[in-house]
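Subject: Structure for you to look at

Dear colleague,

I am passing on the structure we spoke about, and below it you will find what came out of the analysis. Please keep the model open while you read, so that you can follow each part in turn.

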Amino acid sequence: MAMEVDLLYLFIVSVCAFFAILVTALVVFFTIKYRRRNPDDVGADIHGSLILELTWTFIPFVLAMAMFAWGADVFFRLARPPADAMEIYVVGKQWMWKVQHPAGVKEINELHVPVGRDVRIHLGSEDVIHDFSIPAFRVKMDAVPGKITTLWFRATKPGTYHLLCLEYCGTKHSGMIGQVIAMEPQDYEAWLAGGRSTGTAVENGERLFTSFQCITCHKDDSTGRGPSLLGVYGSTVELTSGGTVIADDNYLRESIMNSQAKVVKGYQGIMPAFQGQISEENLMQLIAYIKTLKPAAPAGGSDSPAGGGGQ
Amino acid sequence: MANAHDTTLAHGAVEAHGHDQAHAHHPKLQHHFYSMEQQLEASILGMWIFLVTEIMFFGGLFLAYIVYRTMYPEAWIAGSNHLNTYMGGGNTLVLICSSLTMVLAVRAAQVGSRTGQIVNLILTILFGSTFLVVKFFEYAEKFEHHLVPGPNFDPALPGPEQIFFALYFIMTGIHALHMVVGIGIMLVILRMAWKGTFTPEYYGPIEVSGLYWHFVDIVWIFLFPLLYLLGFHLGH
Amino acid sequence: MTAPAGRHSYLDEPHGVAAWLLTRDHKRIAMLYLISITVFFALGGFFATLVRLELLTPQGDLLTPDLYNKAFTLHGIIMIFFFLVPAVPATLGNFFIPIMCGTKDLAFPRINLLSWYLYIIGGLMALAVVAMGGVDTGWTFYTPYSTHASATMVTLAAMAAFVAGFSSILTGFNFIVTVHRMRAPGLTWFRLPLFVWAHYATSLVMILGTPVVAITLVLVAAERTLGLGIFDPKLGGDPVLFQHLFWFYSHPAVYIMILPGMGVISEMVAAMSRKQVFGYSFVAFSSLAIAILGFLVWGHHLFMSSQSIYAGLVFSIITMLVAVPSAVKTFNWTATMYKGSISWESPTYWIIGFMGLFLIGGLTGLFLATMGLDVHLTDTYFVVAHFHYIMVGGNVMAFLGGLHFYWPKMTGRKYPETLGKVSAVLVFVGFNLTFFPQFVLGYMGMPRRYHAYPAEWQVLNVLSTGGAGILGIGYTLLFGYFVWSLFKGEVAERNPWGATGLEWQIPSPPPTFNFEQDPVVTEPAYNYKPRREVTVG
């Protein structure tokens, strides 16, 4: 994507340079050519020209719309992660980036990624707004407390790149920096193998699901006091208040932290709110686990390689 | 000064004497206006523009209200059901009456009735004060029930409900502040009316203050259903 | 400061401090504003100096991180709320709108004075913030940092901006009523100078936008002091809602800062070329178009803030539309110079400087409006450079150019012509050297508001700091000769540029009530005609 962003940049630079040079040249030229030669001189009696006005309204309009369309196209591709991207969880807090890889390896202020593979970052914040930015890949996204945001990129060349916080976040904002280390896939695997894993995100999520007693109400059949979570991710949920909502990351997040906000139809709002009791990191693990909960496959066996299936 | 925009180097097109014309002025005509009509029109337009800024001022709050109501409909119903509809409804009536007396006061000024102005202004002030007294008791009740946002807020209630009450207090609080200012203005106007300042030729201040008073009433007309009646509407 | 001897002007009487502090004369209030904003410009400049000195080296070695954060925050708050917003409207606007409308004063002289006092109260609160330890949220006051994390004087700073905001509301309010109700006989809307049109558009933004930021700042202050929780994510509050409310004002506020400058430039281009402004009605309506469209683009600050991408689409396309009226204005100014009689006196230098810098500022706005590019550029030095080109390159150049243009009229004195040109060149060169490298830094990814930065960006930062030095010399020189001219300057005639317009028909400096006789207008603005009658006859 970085190439495409640069290409767009070059296009706009050329258009703008053309107009900047054109107008500047005209201004300087007129100033010299039409300089006042006699103190009493006045300019020619010209009031305007509708054709000229329409021309220089229409041309900038067309060019601006071209920039808009091209920019929107690039943006939409930047904003929509490919479905098969590798998922990495990142939480910003004053003043560090905490990273958790799918295999469970954790790191701080460093992000190792394999080249040639789409990487999707799920982004959260524990305190104020941060912004996760990798200038070399031309991507960034705000980490907003109370939300889960996302961005994706694909590293193409092995190397070390800046990882920066781009949203002002207090005293050590400029210290909230790190490195993205893009590696050949086999090196990445080797690096992962050398890291200390504390369990994969899904495994940790499953453990939390038990330790927070979620499992007592959210049973796999519909006998629990809370709705079953099998296949909930991505489904459309009906609410007590009458509306519906798509169960995405942010809905799951809200339902855990502020459980009374959007109660599923047919259930009482009795679930305690976990705001303040669960960290952003754990929350992401829980959501990672809930995502793996699928209705039992008829052919049997879990479809989740991580082993967190919901039989 | 017929050639105001005339030729480039036209120095000294106009000289001559001072600005004060000989013809008689109304004593209330300020020096920079041509006529009483111009002065009145300027002050009325000024007040309307001021009210536009007020609408934008409250507009920010209404926007926050709409956003959170859409996000947390349940909390909004629950919060609304905590409010005392009778007190709110009574206050609505009181304010509507005060708008009526305000109009009558302006009318009295236009037809030159000093008594009419004084009686109606006093009634307006009384209605306005009644509103504030009722509001005071409402606020006191919320304090007792731990419904005032902040560290003292009832911890058993979910977070978004505190946001409802935060907006309730900010919106009604700023409205009440406008009422206090309005009553202050009415006291000044009352004093002017008492001295017989207003005549059918000069009634700008009372008319302009009346516009302000009506605006504050109208804000309440929006606040009352949005805050108090919402629970009935969305049901439970 | 006194008027040249033998004249009778608004500067002469009544004398005394009280007479000035209680004046209702729009010209005196304009002068009060001019003095006050100069003080705040110097203070904001001081904080900018701290920032630039710190960035000379990649390590954060001059200031502590907290001091640096306070320095850029105070630079932003002071420059925006206490200098840029009032700069042109409250000084040149206050002084010339009544004169250009052919009236003795603004519609509400007392409210005009009140506006200055509110400005001063807000300004004193800002000074108190500085004295009591400063504030470190950035001028944008983003929640939840401002409401829940910062331990500095956020509440007082927000209230200072709140009070200053009301001063700006009152100015805009006065202008609108004056333009609607106070125009001299014969002065139809389409005979108004473009300066008045631009200020009218500005005033619309002031009265519609400022109240929204006012209530937003009240919410921030209330959240900090009372713990309301409206923007608290822990209660389910949405910190991004703050950004919507904030930018609903603060983006239009950019147009508060540039539209009056555009008005000044329209006057100057016409007068210095002695020619009718090309496409008068297009220039006039483009001001209104910018003011109106300006209200619909705030979301382009939020492309990366988790705002819906479809909302982003709408904001991006409307932002692109704003580029069109800005381009129309630029082309019209250029066309005005075609076949003009262009003076080479110092105001022309400022016009050319403005055109060059505003062009770059406006065009780089296109980069940021393009969503796919904004992902990379937002919150980098590219943004910093872009808005400095608009606000300093555009507005400050127009303001200073306007001062050079109107100084003889306002004070009755002339500044040294050569120095006027020298300072224009110094400011232009210094400005470009300061801010052009920042575009490059931004594209390389250097984040704004960074106290320390990776070493590979040092060269460009050194260039930038060096440029700031030149810029500072330019400003100081200009300040020096303006003050000098008040006492020693050559006495100015009524119409030093040979310009049309009511303001050039009255004495310099103008008498207290502006006109010796109530004016009647019979011609459109900028009606330049050869002086046949005078020279031949």
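In chain A of this predicted model, an open sheet of 5 strands follows the order 3-2-1-5-8, and its pairing is mixed. Strand 3 (106-108) and strand 8 (149-154) of chain A stand at the edges with a single partner strand each, so one side of each has no neighbour in the sheet. From one strand to the next, the twist averages 25°.

Within chain A, strand 1 (residues 86-93) and strand 2 (residues 96-100) run antiparallel and are joined by 5 bridges; Val91(A), for example, has Lys98(A) in strand 2 as its bridge partner. Helix 7 (residues 280-292) of chain A lies across strand 1, strand 2 and strand 5 (118-125) of chain A, and runs at about 130° to strand 5.

Turning to chain C, the axes of helix 6 (residues 154-181) and helix 7 (residues 194-226) come within 7 Å and cross at roughly 155°. Since angles over 145 degrees count as roughly antiparallel, these two helices of chain C are therefore roughly antiparallel to each other. Their crossing is left-handed, and the contact between them has 22 nonpolar, 10 polar and 1 charged residues.

Finally, the contact between the two chains takes 77 residues from chain C and 71 residues from chain A. On the side of chain C that touches chain A, helix 10 of chain C gives the largest share, 14 residues, and by class that side has 44 nonpolar, 24 polar and 9 charged residues.

With best wishes

How values were computed
Residues numbered from 1 in each chain as written. Chains lettered and ligands numbered in written order. Predicted model: local features only at pLDDT ≥ 70, side-chain atom pairs only at ≥ 80, totals over all residues. Axes fitted to C-alpha atoms, helices over the stretch in contact; angles between N-to-C directions. Helix = DSSP H or I, 4+ residues; strand = E, 2+ residues; numbered from the N terminus. Parallel < 35°, antiparallel > 145°, perpendicular 65-115°, else oblique. Left-handed = near helix turned anticlockwise from the far one by under 90°. Nonpolar A, V, L, I, M, F, W, Y, C, P; charged D, E, K, R; others polar. Contact = placed C-beta atoms within 7 Å. Pairing = 2+ DSSP bridges.
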